[in-house]
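Before you look at the coordinates yourself, here are my notes on this entry, arranged as numbered points. Please read them alongside the sequence and the structure.

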Amino acid sequence: MAPRYALAPDPHGPGGRLQPLADDGTPLGAPHHAPALATAVARIEAAEQPRWVFAAADSGYAPLLPVRLARCHDLRLTEPLLLGHEGHWGEPRSLGAAWARVHGRPVPADLPEAGAADDDQASLFAPDRLQLPPGVDPLEAVVTVHADQQRRLSAVRDAGERARLRLLVAAESAGGLLAAEIAADGLPWRADVHDLLLTELLGPRPQIPGARPRLVAELAAELQQALGGRPFNPDSPDQVLRAFAEQGVKLPSTRSWELRRVDHPAAELVIRYKELSRLHTAHGWAWQSAWVRGGRFRPEYVVGGVVSGRWASRGGGALQIPRILRRAVVADPGWSLVVADAAQLEPRVLAALSEDAGLARTAAEGDLYEALAATAFQGDRSKAKLGLLGAMYGQTSGDIGPLLATLRRRYPAAMGYVEAAARTGEDGGIVRSRLGRTCPPPSAEWLDRTEAADPGDEAGGRSARARGRFTRNFVIQASAADWALAMLAGLRRRLAALSSGADRPHLVFFQHDEVMVHTPSDLADRVAAEVAAAADEARALVFGDTPVRFPLSTAVVDCYADAK
DNA sequence: TACAATGACACA
DNA sequence: TACGTGTGTCATTGTA
């Protein structure tokens, strides 16, 4: 019974090799070849539930689906976590680079990131991106690098820190599995509802691709009339500003909040035009034909794509679906959507991180801002919220000074925590999330600007403060991402235990502090309970013994738009 | 023609 | 009420 298996798919064909491993990565016996890798993996998974060691789950797991794996160790996702933790942020992070470091060989530079832009024929047939030197056996490389990563994890001195970093590696790796599953399953998307919505708001689909839909074109014409009648392109901020100037209206920019303050009939039209035009270009018919197929929206997620550990997405803008389009996300007949988002996650994370007893009391349950207002802001919830957000993001302008002063007096530990993180950043230091994700060090240019600068130098001071805001926010955003990842990994495990087979609940969406499960309706209530349990489990795993709670607002709905 | 920078706005 | 972090995408505009 091996706790771990390394695997390497054959470059061509359905087979692959498997190598049982001990926990520390020591090979147990000889590798064996499976003519049908997915079948062999499914059999071993059913019997042993090992931790699968992938070079990269995103490419290694997808071909095995619909086989579901419980646990993995993703070498590609783990390497940057370790390099960052060890203070080697800029080092190449490919499997080949990690292999070369173990063997003291020349380390190959990383290839540029694959983006949607170069996702063409050429790159489809490009050699893999592992960067292994010619002649190196991929399975041997996976085994070697895994053993090295396990050794480096064990080398973390402090036991608590070591345990947390291991948790981070496991959660990040689970994210790798999940992202592949979500990509394969897709988000339920009703193209007909989307169509109807577009037609209602924009007019019928233009016959000529690229043409403005009727209502957008009419709005553009109306706008031109309202600004003197001379033709101009409403998509060009420059031309819009000039058209307004000709009417005697001086504007610093065409930002919508700026336009809202302008007393001119054309301002409203510009705002409306931009809204509709954006819907058409970003999420219109072209978007639908590119990204929606077979009743599912299939974006690509990039696990750890943001330095803070949040996921990013590539193509389709999966993490920026405008609210109005949530109408199109509808459960299949007989199925429901369980939508859950963590309420006030970031201030709760601050309370737990800083162990500020007072703030933790306000975060023990219910509405955190309400509780904060009651104890420190004479019941004014908006002040409480503004002040706390300002503290977490490093806001200095506006009338926020007195609010920050109040917070500093009432919650010295919490405010001290973010201010210490800000000072570390301003001084060029690095900070880490709760589980040990490390922020990037300052760039060489930053060091030039700040260290060479005189004390009174404006540019240097600005750069320093900007980095202070970044590190101040990093400790919170990245620790929130730690919690979310742990919650997600737990929820994934719980859903698998709830039901297997074709009509099991699927995680179909994840956006920073929000998850969505598509489930047979008769399981929806149990899914909702598992979401709550996963949230509490993540609280204990990530923050241990804290009075802070992380409540979720959960809705069981047919349509995403009906959640909250 | 292709790419980068910019402005704007969507999401957390 | 309007500037405080992190992203992705599109159209325009300027440069290679």
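The points below take up the domains, the small sheet, the DNA strand, the second largest pocket and the cavity.

1. Please keep in mind throughout that this is a predicted model. The values that follow are computed from it, and the note is to be read in that light.

2. Chain A is divided into four parts, of which domain 2 (191–288) and domain 4 (349–475) are each given as one stretch of sequence, whereas domain 1 (4–117 + 124–185) and domain 3 (298–345 + 481–562) are each given as two. The centres of domain 1 and domain 2, taken over C-alpha atoms, are separated by 48 Å.

3. An open sheet of three strands runs in the order β6-β8-β7, with antiparallel pairing. Its edge strands are β6 (187–188) and β7 (292–293), each of which pairs on one side only. Between β6 and β8 (residues 296–297) the antiparallel pairing rests on two bridges, and Pro188 has Arg296 of β8 as its bridge partner. As general background, strands of a sheet pair through backbone hydrogen bonds, either parallel or antiparallel.

4. Which residues come nearest to DNA strand C? There are 24 residues around the strand, and Ser236, Gly315, Gln320, Ser397 and Arg469 are the ones that come nearest. Of the atoms of DNA strand C that come within 4 Å of the protein, 72% belong to sugar and phosphate. By class, the surface near the strand has 14 polar residues, with five nonpolar and five charged residues besides.

5. Individual polar contacts to DNA strand C involve both bases and phosphate. An N or O atom in the side chain of Arg278 is 3.1 Å from a base nitrogen of the strand, and for the side chain of Gln395 an N or O atom is likewise 3.1 Å from a base nitrogen. At Gly316, by contrast, a polar backbone atom is 3.4 Å from a phosphate oxygen of DNA strand C. The elements that give two or more residues to the surface near the strand are α12 (265–283), β10 (312–314) and α21 (458–498), and α21 gives the largest share, with four residues.

6. The second largest pocket holds about 830 Å³ of space. Its lining consists of 37 residues, and those nearest its centre are Leu69, Ala70, Arg492, Arg493 and Ala496. At least two lining residues come from each of α1 (37–48), β5 (71–74), α7 (159–185), α21, β12 (506–510) and α22 (524–543). Divided by class, the lining has 21 nonpolar, six polar and 10 charged residues.

7. Where does the second largest pocket lie with respect to domain 1 and domain 3? Both domain 1 (4–117 + 124–185) and domain 3 (298–345 + 481–562) give residues to the lining, and therefore the pocket lies between them.

8. The structure holds one cavity of 30 Å³ or more, and the volume of the largest cavity is about 40 Å³. Its lining is made up of Gly309, Arg310, Trp311, Ala481, Ala484, Leu485, Phe510 and His512; by class these are five nonpolar, two polar and one charged. Helix α21 supplies the largest share of this lining, with three residues. The helix thus appears at several of the sites discussed here: α21 contributes to the surface near DNA strand C, to the lining of the second largest pocket and to the lining of the largest cavity.

Methods
Residues are numbered from 1 along each chain as its sequence is written. Chains are lettered from A and ligands numbered from 1 in the order in which they are written. This is a predicted model: local features need pLDDT of at least 70, side-chain atom pairs count only at pLDDT 80 or more; totals for chains, interfaces and linings use all residues. Side-chain values use heavy atoms; hydrogens and water are left out. A residue is near a molecule or strand if one of its heavy atoms lies within 4 Å of it. A polar contact is a pair of N or O atoms within 3.5 Å; within protein, one must be able to donate a hydrogen and the other to accept it, and residues adjacent in sequence count only if both atoms are side-chain atoms. Ala, Val, Leu, Ile, Met, Phe, Trp, Tyr, Cys and Pro count as nonpolar, Asp, Glu, Lys and Arg as charged, and the others, Gly among them, as polar. On a 1 Å grid over the protein atoms alone, a cavity is a set of points where a 1.4 Å probe fits but cannot get out, and a pocket is an open set with protein on both sides within 12 Å along at least five of seven lines; lining residues have an atom within 4 Å of a point. Grid points are joined across faces, edges and corners, and a volume is the space filled by probe spheres set on the points. Domain bounds come from an automatic or database domain assignment. Two strands pair if DSSP finds at least two bridges between them.
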